[in-house]
Amino acid sequence: MRRLSFAIATLLAATAMAPLAIAKGPDGPAASSAPVDKIVDEGTNRSEVMRVAQYLTDVIGARLTNSPGMRQAEEWTQAKFREWGLVNVHKEGFEFGRGWSAKNASVKMVAPRPLTLIAAPLAWTPGTNGSITGQIVLAPMADEAALDQYKGKLKGKIVLLTEPADITDATTPDFRRYEDADLDKADTFQLQNGGGSANRRPSSASRMAFAAKRDAFLKAEGAIAYATMSSRNGKLVHGQNSQFQVGATPPLPGFEIAAEDYRRLARLAKMGAAPSLELSSDVSYDDSDTKAYNILADIPGTDAKAGYVMAGAHMDSWAMGDGAADNAAGVSMVMEAARIIKASGIKTKRAIRFALWSGEEQGLLGSMAYVENHVASRPVDPALTGTARYMNWSKAFPIKPGADHGKLAAYFNLDNGSGKIRGIYTQGNTAVVPIFREWMAPFNSMGATKVATGRTGSTDHVFFDAVGIPAFQFIQDPLDYGSNVHHTDVDTFDHLKADDMRQGAIILAAFLVNAANAPEPLPRLPLASEPKASDEFYAAPGAH
């Protein structure tokens, strides 16, 4: 018999005697204390969360949207849900763009000396069709005005597109857990901006438009390839690029080069050493199915008229690494929560739906499609797809509630790595604070203590939140998520914390059961309306 780790055994003992925190209504408590004991027992003694995570990472690996890895993950996760007894397991498609995968790639400096560099092909860029060799030219191109100065200077060249940033000293540890002071910072009320927390910086559209013009310029000038510098030190690479739609992918091979190697090349170019590179990338496109797919599965409720609650995590990753912390961790905890609830035989009044999103890394596209198709719509130009639709969606009014707007009682999301759950953001919903404090109480001894009124964004709860659904992201210990693994080639199974992920799956399962059995749906914020200027004083009577 395998022994539980000391940490998990201690947590189990502490929580086995704790009552299930529940919201109380006029008819009394929403549930007995029994479910939390079943959830903790199932989630510690028979956990499969790390098995799921290992298959997604070690076996399937990177899951770029519409790539072969993502297609394999779509099929495998559906099979697991069915194996565990969930129903209505299916995939829902939305228009995305090209499939892309890289079989191998290499970047070598051949002059002034031979040296293998750390690099990655940029996603959705074409391959080199064998090895190509060329001299590099440092040609920073931050805007259209910078293009003219390089006319006639790029033929046959490999172009370094950015001036390298100087290396800076680290000021924070690479690996850390939250202190109480960190958690307190999240408990700050923030006024909503009127368009929902899904708004992007206004310059995003212009940056994308410039990237397309720059790529066309490089092609017309006869450049043979281009490279960008990794945003992180430590020989970490990402390979990120968001030009994925059919007919809009870049025309030239593109690479991201590790920061240290990129700086070396730039220094050599500036001193006149004429560095040359040998590039090779073997990539494949797949336009046979331009739709991306969300995976959905249900545990039915006992009252068909009571609606449903929902949990989700995005399954897509970038092409480098195995997408472990981002976001096989969240997917594994969501799937494990489904397995725990089903295996424990817990019955709930409301149904519980589990969603594994696609296209999150390109702009929360999967969750946006679900919201549009089921929950609420906004008057966005139907011709807009992909990132352009994302950037316009949260600014469009009025919001028109859909068929599920009144049925969906709550949405919970996991997308901050494999760190222990330390609390939950309430997105400014002050009415849920006392409810969540009760629900969190049995897990205080597990380190989950903070119910924070602050808002957090950039993941799949934001479109639900933007249309008035009570939608929440859990607060998780950062570990080395932001410092090293997020979107990089070292985002592998080794960086996942098993005890933390078991804790996360247990808490998610308990929150879902509580929300599904609460006498009333969770309180909602008012539905957002188009913001109007309100900072001017009224004119005095008779004033002109």
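This is a guided tour of selected strands, loops, a helix and a cavity, in an order that can be followed in a viewer.

Before selecting anything, bear in mind that the model is predicted.

**First sheet**

Begin with the open sheet of eight strands whose order is E5-E4-E11-E7-E8-E9-E10-E6, and whose pairing is mixed. At its edges stand E5 and E6, each of which has a single partner strand, so one side of each is left without a neighbour in the sheet. From one strand to the next, the twist averages 30°.

Within this sheet, select strand E10, residues 254–257, and show its side chains. In a regular strand the side chains alternate between the two faces of the sheet. Here both faces are covered, since Gly254 and Glu256 on one side are buried, as are Phe255 and Ile257 on the other.

Now add the two strands that pair with E10, beginning with strand E6, residues 119–121, which is antiparallel to E10 and joined to it over three bridges. On this side, Ala120 is the residue that stands opposite Glu256. Strand E9, residues 225–229, runs parallel to E10, and four bridges join the two. Glu256 of E10 is the bridge partner of Thr228, while Ile257 of E10 has Met229 standing opposite.

Stay with this sheet and move to strand E4 (99–111) and strand E5 (115–117), where the loop between them holds Pro112. Which peptide bond here is cis? The cis bond runs from Ala111 to Pro112, with omega near 10°. Most residues other than glycine have a negative phi, and most peptide bonds are trans.

**A second cis bond**

Next select Phe397 and Pro398, which are likewise joined by a cis peptide bond, in this case with omega of about 5°. Pro398 is placed in the loop between helix H10 (386–393) and strand E16 (400–401).

**Second sheet**

Turn now to an open sheet of eight strands in the order E3-E12-E14-E13-E17-E20-E18-E19, again with mixed pairing. Its edges are strand E3 (87–95) and strand E19 (450–452), and because each has a single partner strand, one side of each is left without a neighbour in the sheet. The twist in this sheet averages 25° from one strand to the next.

Inside the sheet, select E18 and E20, which pair in the antiparallel sense over three bridges; in this pair, Gly423 stands opposite Ile475 of E20. The loops that follow these two strands are the next selections.

**Two loops with positive phi**

In the loop between strand E18 (421–425) and helix H11 (433–440), select Gln427. Its phi is near 60°, a positive value in a residue other than glycine. Is Gln427 buried or exposed? With a relative accessibility of 1%, Gln427 counts as buried, because the cut-off for that class is under 20%.

In the loop between strand E20 (471–476) and helix H13 (481–485), select Leu479. Leu479 is not glycine either, and its phi is positive, near 50°. At 5% relative accessibility, Leu479 also counts as buried.

**A cavity beside Leu479**

Keep Leu479 selected, as it is one of the residues that line the second largest cavity. How many cavities of 30 Å³ or more does a search of the whole structure find? The search finds two, and the second largest holds about 30 Å³ of space. To show its lining, select Ala325, Gly417, Ser418, Gly419, Pro478, Leu479, Asp480, Tyr481, Val485 and His495. Sorted by class, this lining consists of five nonpolar, four polar and one charged residues.

**Helix H2 and Thr65**

Move to helix H2, residues 34–45, and place a distance between its end C-alpha atoms, which are 17 Å apart; at 1.5 Å a residue, its 12 residues should span 16 Å, so the two values agree. Colouring H2 by accessibility picks out its buried residues, which are Pro35, Val36, Ile39, Val40, Glu42, Gly43 and Thr44.

For the last stop, select Thr65 in the loop between helix H3 (49–60) and helix H4 (68–83). Thr65 is buried, and its relative accessible area is 0%. Add Ser317, which is 252 residues away from Thr65 along the chain, although the C-alpha atoms of the two are separated by 7.2 Å.

Notes:
Residues are numbered from 1 along each chain as its sequence is written. This is a predicted model: local features need pLDDT of at least 70, side-chain atom pairs count only at pLDDT 80 or more; totals for chains, interfaces and linings use all residues. Side-chain values use heavy atoms; hydrogens and water are left out. On a 1 Å grid over the protein atoms alone, a cavity is a set of points where a 1.4 Å probe fits but cannot get out, and a pocket is an open set with protein on both sides within 12 Å along at least five of seven lines; lining residues have an atom within 4 Å of a point. Grid points are joined across faces, edges and corners, and a volume is the space filled by probe spheres set on the points. Ala, Val, Leu, Ile, Met, Phe, Trp, Tyr, Cys and Pro count as nonpolar, Asp, Glu, Lys and Arg as charged, and the others, Gly among them, as polar. Buried means under 20% relative accessible area, exposed over 50%, partly exposed in between (1.4 Å probe, protein chains only). The expected span of a helix is 1.5 Å times one less than its number of residues. Two strands pair if DSSP finds at least two bridges between them. Axes are lines fitted to C-alpha atoms, for helices over the stretch in contact, and angles run from 0 to 180 degrees between N-to-C directions.
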